[in-house]
Amino acid sequence: MGRSSSFSVCGQLLCRGATMPCPRTYWFTEEKFGQAERTELDAHFENLLARADSTKNWTEKILRQTEVLLQPNPSARVEEFLYEKLDRKVPSRVTNGELLAQYMAEAASELGPATPYGKTLTKVAEAEKRLGAAERDFIHAASINFLTPLRNFLEGDWKTISKERRLLQNRRLDLDACKARLKKAKAAEAKATTVPDFQETRPRNYILSASASATLDDTSCPPSWAEWKEEYPGGWRPPCFFLLPLNPSVTRARGCLSLPKDRKLWNDEVDKAEQELRVAQTEFDRQAEVTRLLLEGISSTHVNHLRCLHEFVEAQTTYYAQCYRHMLDLQRQLGSSQGAIFPGTFVGTTEPASPPLSSTSPATAAATMPVGPSASGLAPPGEAALRLEEVTPPASGTRKARVLYDYEAADSSELALLADELITVYSLPGMDPDWLIGERGNKKGKVPVTYLELLS
């Protein structure tokens, strides 16, 4: 016996007769095997369900990956999760940058803080400590402004939506069961109406005794063959119409017996099934409306997540800007300019930085754009008096560069830049490593390295 037929037999055993309500599990199984009709939802409702499921799935993925970004250590993430579930405060944890700063400071103290290596270790340790503090602030801001709203959606709003969807599923199964019951009752009623009465179909020489007639009126226990044989010793074949009924409302004969009493029973059964169908339809419509309102609230969830995403980007921008400033300060303190040690050597990255988004405001674009050091703040004292007309490019060491962002010259010693234009750049001995000399036609001036992509 196949799986489909076995489930069908089980369902028939559970659902004998039209008056016994069928379990939801049976109807759900019948729907899965395509053996029962299903009430379909409208297209708009199905789109809302698909949108809600997609929102939930992607929110879970974004949440998990953001947690990995903020805390790469899986053991630390498990510990934070347990503290959160126990409703206890998560203990303060030293960041990797702060731990590195601690090791460097201890190494400088042991190796000699007066030595060049010790002094450098001390300076780098201070910078790493500031970077670790900036990372701690970024993790704290991202957890509050971004991770917490995502968790609240998954643990609050989504659980409510899932609960109402389960209720809607139960209401739909009840409605389908009522529809099937009414269909079955109407079919039986039509069959009972078309079959003639017993008095018209029995043989002419076949006369029932009073006890047999009384037995026919008893719908709970049909007469046995022994009783019929005792009543009619002449020997009649077993009557085909005395089959064991499933319940009093099922027709007792199969093809050759139909009592007028059964017609009234089936009429009552149809009325009862119609009443239950109306109740089930009302409950289904009410639950569908409640679920629809919750699903339409996903749009508000998207708006809230969009605001949180902006706050996450702002926190990340602030963090990287602080890191950039700290590293510039460290580079200036160390004086580790390769251009100062090896004249003609280019300083700066050869990889292009990400340009600012055109849709952002000027303030946001300025925050995301690399900040070029000012000439007065970072230039050596002797460089301020540099006369550009006397500057000549070296015989070797010139290079082409593509401008990444627009740059306005702060004074006459700088060269204004336009995005995507090509200029010739080179370095001079003693120049600040964050600046180069740029030439465009007959114009020349200092340009910040962070605004350039050096071409090979």
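User: Which element gives the largest share of the lining of the largest pocket?

Analyst: H6 does, with 12 residues. Before we go on, this is a predicted model, where local features need pLDDT of at least 70 and side-chain atom pairs count only at pLDDT 80 or more, while totals for chains, interfaces and linings use all residues. Residues are numbered from 1 along each chain as its sequence is written, and side-chain values use heavy atoms, with hydrogens and water left out. Helices (H or I, at least four residues) and strands (E, at least two) are DSSP runs, numbered from the N terminus.

User: How much space lies in the largest pocket, and which residues lie nearest its centre?

Analyst: The general idea first: rolling a probe the size of a water molecule over the atoms shows where empty space is left. Here a pocket is an open set of points on a 1 Å grid over the protein atoms alone where a 1.4 Å probe fits, with protein on both sides within 12 Å along at least five of seven lines; lining residues have an atom within 4 Å of a point. The volume is the space filled by probe spheres set on the points, which are joined across faces, edges and corners. In this model, the largest pocket holds about 1,300 Å³. Its lining counts 33 residues, and Glu80, Val90, Ile139, Ser143 and Arg151 lie nearest the centre. Helix H3 (43-70), helix H4 (74-85) and helix H6 (116-194) are the elements that give two or more residues to this lining.

User: What is the make-up of that lining by class?

Analyst: There are 13 nonpolar, nine polar and 11 charged residues. In this scheme, Ala, Val, Leu, Ile, Met, Phe, Trp, Tyr, Cys and Pro are nonpolar, Asp, Glu, Lys and Arg are charged, and the others, Gly among them, are polar.

User: Let's turn to aromatic pairs. How many does the structure hold?

Analyst: Rings of Phe, Tyr and Trp (its six-membered ring) pair if their centres lie within 6.5 Å; planes under 30 degrees apart are stacked, over 60 edge-to-face, and the rest tilted. The structure holds seven such pairs. One of them is stacked: Phe146 and Phe312 sit 4.8 Å centre to centre, with 25 degrees between their planes. The two are 166 residues apart in the chain, Phe146 belonging to helix H6 and Phe312 to helix H11 (residues 298-334).

User: Are Phe146 and Phe312 buried or exposed?

Analyst: Buried means under 20% relative accessible area, exposed over 50%, and partly exposed in between (1.4 Å probe, protein chains only). Phe146 counts as buried because its relative accessibility is 6%, and Phe312 is buried too, at 9%. For contrast in geometry, look at Tyr405 and Tyr451: this pair is edge-to-face, 5.7 Å centre to centre with 85 degrees between the planes. Tyr405 lies in the loop between strand S1 (399-403) and S2, Tyr451 in the loop between S4 and S5, 46 residues apart. Both tyrosines are buried. Back around the stacked pair, Phe138, Phe146, Phe312, Tyr319 and Tyr320 form one aromatic cluster.

User: In what order do the strands of the open sheet lie?

Analyst: Strands of a sheet pair through backbone hydrogen bonds, either parallel or antiparallel. Two strands count as paired if DSSP finds at least two bridges between them. Here five strands form an open sheet in the order S4-S3-S2-S1-S5, with antiparallel pairing. Strand S4 (443-448) and strand S5 (452-454) are the edges, each pairing on one side only.

User: How many bridges join S3 to S4?

Analyst: Six, and these strands run antiparallel. Leu436 stands opposite Val447 in S4. S3 and S4 form a hairpin with two residues between them, and Gly441 in the turn has a positive phi of about 70 degrees. On the other side, three bridges join strand S2 (residues 422-426) to strand S3 (residues 435-440). Val425 faces Gly438 there, and Thr424 has Glu439 as its bridge partner. S3 is mostly covered, with five of its six residues buried.

User: Which residue other than glycine has a positive phi near 75 degrees?

Analyst: Most residues other than glycine have a negative phi, and most peptide bonds are trans. Asp420 has the positive value; it lies in the loop between S1 and S2. Asp420 is exposed, with a relative accessible area of 55%. The two strands flanking that loop, S1 and S2, are joined by four bridges and run antiparallel.
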